[in-house]
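New to this one? Have a look around the model first, and then we'll walk through a few spots together.

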Amino acid sequence: MSEIPKAYEPQSVEDKWYQFWLDRKCFTADPARVSTKRPAYSIVIPPPNVTGVLTMGHVLNNTIQDILARKARMDGREVLWLPGTDHAGIATEGVVARLLSKEEKKSKRDLGREEFIKRVWAWKEKYGGIIISQLKKLGCSCDWTRERFTMDEAYLRCVQRVFVELYKKGLIYRGKRMVNWCPATQTALSDEEVVMKEQKGSLYYFKVEVVDCSGAVSAPSPAVTDRRYNEINTTGVWLTIATTRPETIPGDTAVAVNPKDPRYAKFIGKHVVRPLPAEFPREQKLIPIIGDEHVDFEFGTGVLKVTPAHDKADFEIGQRHNLPQIDIMHPNGHMNELAGGPLNGLDRFKARKVAVELLTEMGALEKEEPYTNNVGFSERADVPIEPRLSEQWFLKYPGVEKARNCVEQADDSEGRVIRGPNPESQGLAELVPPKNGKMHFHPQRWAKVYDHWMGNIQDWCISRQLWWGHRIPVWHAVAKSNELRTFSENYPKASISKAEFWAEYSLSEIKGETSLVSVYQNRDDGETRIEVVTESEVEARKLQSMGFTQDPDVLDTWFSSWLWPFATMGWTGDKSQDSNNPTLQAFYPTNDLVTGPDIIFFWVARMIMAGYEFMEDLPFRNVYFTGIIRDKQGRKMSKSLGNSPDPLDLIGKYGADALRFGTMRSAPLGQDILFDEQNVELGRNFCNKLWNACRFRQMQGGEAQGEIDPKLLTADDKWILLKLDQAIREMDTAFVEYKFSDATATLYRFFWSEYCDWYVEASKAALGSAERGMRSAEQETRHANTVAVIDFILSHTLRLFHPFLPFITEELWHGMGYAEDMPENQGGQTIMSAPWPKPLDDDFKSHYGLTGDGEKQIEARNELVSQGRNLRRNANIAANKKVRFILKPARELAAHDIEVLRLLLNAEAVEVKTDYQPSKNTMTVRAEAGDLFLPLEGLIDVEAEMTRLKKELEKIEAEATKVEQKLANPNFTQKVPANVLEEHKQRLAEWQGKREHVKAALAALES
């Protein structure tokens, strides 16, 4: 047992032990060690963006993962916590593009695709590992030898293999659809990448003239609504339309009303004159009035402008009514020539103002009123998205039914899944694996959200108009039919209708096993468009030499990360190879996933579908959804608000263990976390408490972890052993239920309150003087037994704490000498491999006489002590002042028990008098253990104290009245923010508590 320094210095301790763990490969998983006696445990890290730095969200998520991994090691499992980073297409490309613009005044197009990608790789090599180094500072026990990156060569091959396989199955296709378009990054986005934000804008009411048209003599153009009519007759009727986007009026191709609306049904079949572009001839601005039940009677005026190229709902109306589509906007959000001269070239928001001015000038604008609505913003670029018609690649999700059905739904009306500890788990904290092999969500309420989304799933737009990412493995060429023979001698194997003028012929087995060739042949001119999908580099080079060009788009970043659980383990898609992959066979499926509910569809659902499609099994057994970290005012933490602390600063100030413990203590299952730095400070204080408790034990000397003699156990010894048993059982339950804040609450209560505040203080009666030679033989024996109990408690406590406080527990494990007699792989080298404490079994309890009877007596005595301490406070007597108590006990007490009482009450003496009759100015309390008296004579000036208390009571009453009046005033309670109202309620409760305390003190002095 080496001497523990007086003060705990977390920085030096943390750096030392993390390097120790790395040097000895403590985090490295070996599938060869997996067996029935040493089962596998695996968890894959949600890969942080390669552009990222450590945030409080990362602290929460990765601390939970580390707790799970360290707990599993202590359970005797072979643990793989697999780390890595995501290439983050939009974010990374944006970072490098901004850097390029700032430093070289160039755009990515100035460099060209190949050179720009080189710059991105160079940036990644220089800055991409920052967050990994920061995770190590937090204490994350990942297997860093297996670190993965979604753009690594092996991972790239996995992504390409998946694309080709899904394409072959007909699940990937290209089509022109309405997509979410980001004008800033000029790429398509999925619905999940769009964040809805409440925006204050305007609702513009403009009028259009209804006309009768007859004798159409030309077909509509695909680009404009250009018809020629023999007659265009005015009706004198005008319809009013409400819109938030007047700049899109030039793209309107119809006006829609609900056919059940009696106000407007009679106009169906007629036309209106679209007001913009103002300079277009009248006949070119005629658009039909159509009937569609999508139109809401209540919104605006009940008349809807239909812009199929710039609104998703309008696009669907256009499809139903075969309306033309007029795209009036460039990809960058600026208007094009089809928007008309005054709008052409303007930014969409500037164009809105100009459109309003034009409508006003022509007398078409009737009114403008404030309007608040939800607008979709690009998650990455933080600009309003633009619904846009665009040709993109789409995926029909595979394995939807399996993925939907695999998630366990609630078993009872309260939304709980009824589960218990696995009786065959040998003490491992886990859920009973259900017979149907379903997955568990924690908290369970997210299962219903997941099920709803899976029941309304839509095809996934997987292409992005970026350069950084996994380029789509599709090659294109155009040829005449007679040139097709030079490409392949195979005959068409299938023919399916592709479009109005095209037919598709699929040719397989073309000079390679992985390629798929689709031939689109124009029925009129014989032109042939050839599309080749291949993952073969050899074939790709051959295609390039033949004049083929690769599709310019890259895949959505999530298309690579949905393969994360198995692609990171070396999956190839070749069943013979994968069946001989020891990592994949040992560690897939993984046990747990820890993530945020905001990516339940982005990532979780897609990983489940990919797992079933490519591994024929679910990817993980449990999903823990964290809450969102918010500041004390309830605001989501963000850099823009300046309310998010730098975790590295907190680690530097308090230590990583303190940050971990403080974060977990305030993180209830699935609920948002109100971050307060005081919690981290509390974590530091807790570490100091643990440190000092171990130092106190060292000061007692004696053999480390000596034998406990049951005959010498005091009631306090038995009480703390039973409290330890209770704590272990509560910890196991907390792990089973994924309630980590409950676990930290148990640790806090057991160690700080039950062990330090009560047992250690009580044990001083048995420990006596710390100096050897000053104790009798009997005292020496009792001292050694008490020290043995303390060692037993502390060795278990350090192990219970280790997943939460890895650094300080490792330091103390060795400093206390607890590692010395342990086998190397069971705590001899590191506490990380020390066995997780098991509850005390019946044999143990019987051997040491832990019946529970003494526990009740100790609880009664402790209650008496608490009441005695209250007597001091009520009498305003300093806690360190020695006073005399008199006890009328409810049962006979041994001399040792009296001495413990004296120590706990910090009394000069505790006199036992069974027939005591209190005199005047004696304060008293009655408890189960007996009556306790505190004579005040000679301790205080009673009259002066009563005067002081009365003045204090007057002040308290005045302050309480002020708050009560405010809370009784509706003008106050209904107008102030919720947090201010809650603060006043808490303030009133505090004043009321003080009032009761002073009244009790006065009553005691007056008796």
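Here is a short tour of one residue, one pocket and the cavities.

Keep in mind that this is a predicted model. Let's start with D66, which sits in helix α2, spanning residues 56–74. Is D66 buried or exposed? Its relative accessibility is 0%, so D66 counts as buried, the cut-off being under 20%. The side chain of D66 makes a polar contact of 2.8 Å with the side chain of R660. Apart from neighbours within four places in sequence, D66 also touches W81, G139, C140, S141 and P806, besides R660.

Next up is the second largest pocket. Its lining is made of 41 residues, and T244, R245, D311, N373 and N374 are the ones nearest the centre. Several elements give two or more residues to that lining, among them β8 (229–243), α8 (312–321), α9 (348–361) and β13 (365–378). Which element gives the most? That would be β7, with seven residues.

Now for the enclosed spaces: searching the whole structure turns up three cavities of 30 Å³ or more. The second largest cavity is lined by residues including F206, V208, I241, D252, R274 and K305.

Here are the second largest pocket and the second largest cavity, side by side:

| Space | Volume | Lining by class |
|---|---|---|
| Second largest pocket | about 1300 Å³ | 16 nonpolar, 13 polar and 12 charged residues |
| Second largest cavity | about 40 Å³ | eight nonpolar, no polar and three charged residues |

How values were computed. Residues numbered from 1 in each chain as written. Predicted model: local features only at pLDDT ≥ 70, side-chain atom pairs only at ≥ 80, totals over all residues. Heavy atoms only, no water. Helix = DSSP H or I, 4+ residues; strand = E, 2+ residues; numbered from the N terminus. Buried < 20%, exposed > 50% of the residue type's maximum accessible area, 1.4 Å probe, protein only. Polar contact = N/O pair within 3.5 Å; in protein donor to acceptor, adjacent residues only side chain to side chain. Contact = heavy atoms within 4.5 Å. 1 Å grid on protein atoms, 1.4 Å probe; cavity = no way out; pocket = protein on both sides within 12 Å on 5 of 7 lines; lining within 4 Å. Points joined across faces, edges and corners; volume = space filled by probe spheres on them. Nonpolar A, V, L, I, M, F, W, Y, C, P; charged D, E, K, R; others polar.
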